[in-house]
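Work through the two exercises below with the sequence and the model at hand. Each gives a task and then a solution in steps.

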Amino acid sequence: MRIRILGGGVAGLAGAVALRHHGFDDVRVLERDTPAELHARPGHGMILMRNGVAALRALGAGGCLVGHRALTRAVFQDERGAVQRIDPLDGIYCVTRGALVGALRAELPDGAVEHGRLCANVLLESAGGPHPPDEDRRVRSIGFADGSSLDAADADLFVGADGVRSTFAAALNPDLARPHSRVFEIVMSARDPELAAHLGATFLTTLLAQRCLAFGLLSPSPGRVVGFLQFDVQRHGVPPCAAGPGIADVAVDLLGDVPWQVARFLRLADRSTAHLWRPADAEPAARPCVANAVLIGDAAHPLLPFSRQGVGAALDDALVLAEALARGRGEPLAGTLARYCEERRRDVAPFVAGGRRIQASLVGQAPGFASPYVHAAAAHGPEPAVAPAEDPLFADAAADLATGAAAPTNIAGRCSAPR
Ligand SMILES: Cc1cc2nc3c(=O)[nH]c(=O)nc-3n(C[C@H](O)[C@H](O)[C@H](O)COP(=O)(O)OP(=O)(O)OC[C@H]3O[C@@H](n4cnc5c(N)ncnc54)[C@H](O)[C@@H]3O)c2cc1C
C-alpha cells in the first residue's frame, strides 16, 4: 500500500514509524518546513502523560526520554505560596517538541520525509448528491505551494497530519470551525540550575484564582525550567503581540506579586523566546475520513492545553491507525478507516471533555478545583498510588497535608529561595 502523510509533526512522523513497523514500507511524509526551520523551533517543553510515554516507547522512540525528568508530584499553591493540594504523578515526563520529533524522525530511513512541501489545497470528488456518505467521497488531488501535485493514482491512502489549522481537515469538512479557546498560554523557559534542582521532579502550579490565572513551573531536564501562564482572554484581553520580549512583559504585568519561584523564573527567563499559544476549542472533525484519506493528531481533534493530551493522543492515533490497517489488509479501505475513526472518537472524547472541565474551573464557570491534566485511565489502568518522593522542597508540606496537621502550608516560609 502506498501511503502519503501530509505534515511531519508528532502525528505524521509517528504514523510513518508505526506503519513501517506493520510492514507498510512505501510511506512518505510531506512536511512544509525545512530542516533548518524545524531546528530553529525546538519548543520549550511539553508534558507527556503516561499513555503518551507508553506510545512513544511502543514506537521505539522512548530513548529521547533519557535525560528528561520523570515528574513524581504536582503541587498547587495559592498566590501567597500556601500549598493547597499535592497530587502524586507517575511516569509523566516533560520533553521538548524538538526531542520528540527528532527521536521519531530517527526511526525513519533517509528519504522518508520530504521537506519544503507546503500543501496548498486538497480537492475531493464524490459519487454524486449534495451530501454523499464518506465512503463515496475521495481525495482527487493535493496541490503544493511549489506547484507540484499528487493525484489519487499516486497513493492508496492519504493521511492528513497537518496540525490544528489543517488544510486537509478543512477540505474534508467544508464547514469546519476551530475558534480560539478563551484561555491562552504564554510559554517561556530559563536556564536556572538552582531553581531546576529546587523543583526537582515537582510540577508546581500557582493558582491566582480571583484573577483567573494559573502559572505552571517544571524542570524538564537538569538546569532548565519551563514556565507557562494560562490566562482568560475574556477577562484580561488579547495581547497585542505573540512572541518575544513583548509577550514576556504581558505575563509579568498580568501576574503582579507572585511566590518567589515564579518571580525568580520571570526574572531569569529567556524573554526572546517567549511565545503565545492560542489553542483552539473545538469538537473533533465531524468527517475525519473519506474513502482514501484520514485525519490524525490535531488535524482530527484539537485539544485544550489543560488536558496535556495533544501529544499522547497524536501518538496513540498513529499506533491505532497502523494496527487497524494491518488488521484490515485485504478488506475495503473505507470500512477500515471508518472503524478507526469511530474508535478514536470514543477514546479522545474524555480528553475533550476533561480539557473543557478544567478550563471552566480556571475561569470560574465551574465550582471546585480540577487538576490541569487528564489521565487516560481507561486505556492504561488506574494511576498507581505513589509514595511521596524524597523532595526537600515539599516534603514537609506533603506530610502536613497528608495528616491534616497544617493545611494549607506556606512552603515559601519553610524553604529559602536560592540566591
Ligand atoms: C506552546 C504549546 C505547548 C503545548 N504543550 C503540550 C503539552 O504539554 N502536552 C501535550 O500533550 N500537548 C501539548 N501541546 C499540543 C501538542 O503540541 C499537539 O497536540 C501535538 O503536537 C499534535 O501533533 P500533530 O502532529 O497533530 O500537530 P503538529 O505537531 O502541529 O504538527 C503538524 C505538522 O504539520 C505541518 N504542516 C502544517 N500545515 C501544513 C501544510 N499545509 N502542508 C504541509 N505540512 C504542514 C507543520 O509544519 C507540523 O510539522 C502544546 C502545543 C503548544 C503550541
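The exercises concern a predicted model, and they treat the surroundings of the ligand and the packing of two helices.

**Exercise 1.** Determine which residues come nearest to the ligand, which polar backbone atoms its oxygen atoms approach, and what kinds of residue make up the shell.

*Solution.* Begin with the shell itself: there are 28 residues around the ligand, of which A11, E31, I47, R97 and D298 come nearest. Next, turn to the backbone, where a polar atom of A11 is 2.8 Å from an oxygen atom of the ligand, a polar atom of G310 is 3.0 Å from a ligand oxygen, and a polar atom of G9 is 3.5 Å from a ligand oxygen. Then consider the cover: of the 1,000 Å² of accessible area that the ligand has on its own, the protein covers 88%. The elements that give two or more residues to the shell are helix 1 (10-21), strand 3 (46-48) and helix 10 (310-327), and helix 10 supplies the largest share, 3 residues. Finally, sorted by kind, the shell residues comprise 12 nonpolar, 8 polar and 8 charged.

**Exercise 2.** Describe how helix 1 and helix 10 pack, giving the angle, the distance between their axes and the handedness of the crossing.

*Solution.* Two packed helices are described by the angle between their axes and by the distance between those axes. For helix 1 and helix 10 the angle is about 30°, and the axes lie 8 Å apart. Because angles under 35 degrees count as roughly parallel, helix 1 and helix 10 are roughly parallel to each other. As a last step, the crossing of helix 1 and helix 10 is assigned as right-handed.

How values were computed: Residues numbered from 1 in each chain as written. Predicted model: local features only at pLDDT ≥ 70, side-chain atom pairs only at ≥ 80, totals over all residues. Heavy atoms only, no water. Near = heavy atom within 4 Å. Polar contact = N/O pair within 3.5 Å; in protein donor to acceptor, adjacent residues only side chain to side chain. Areas by Shrake-Rupley, 256 points an atom, 1.4 Å probe, with all protein chains shown as cover. Helix = DSSP H or I, 4+ residues; strand = E, 2+ residues; numbered from the N terminus. Nonpolar A, V, L, I, M, F, W, Y, C, P; charged D, E, K, R; others polar. Axes fitted to C-alpha atoms, helices over the stretch in contact; angles between N-to-C directions. Parallel < 35°, antiparallel > 145°, perpendicular 65-115°, else oblique. Left-handed = near helix turned anticlockwise from the far one by under 90°.
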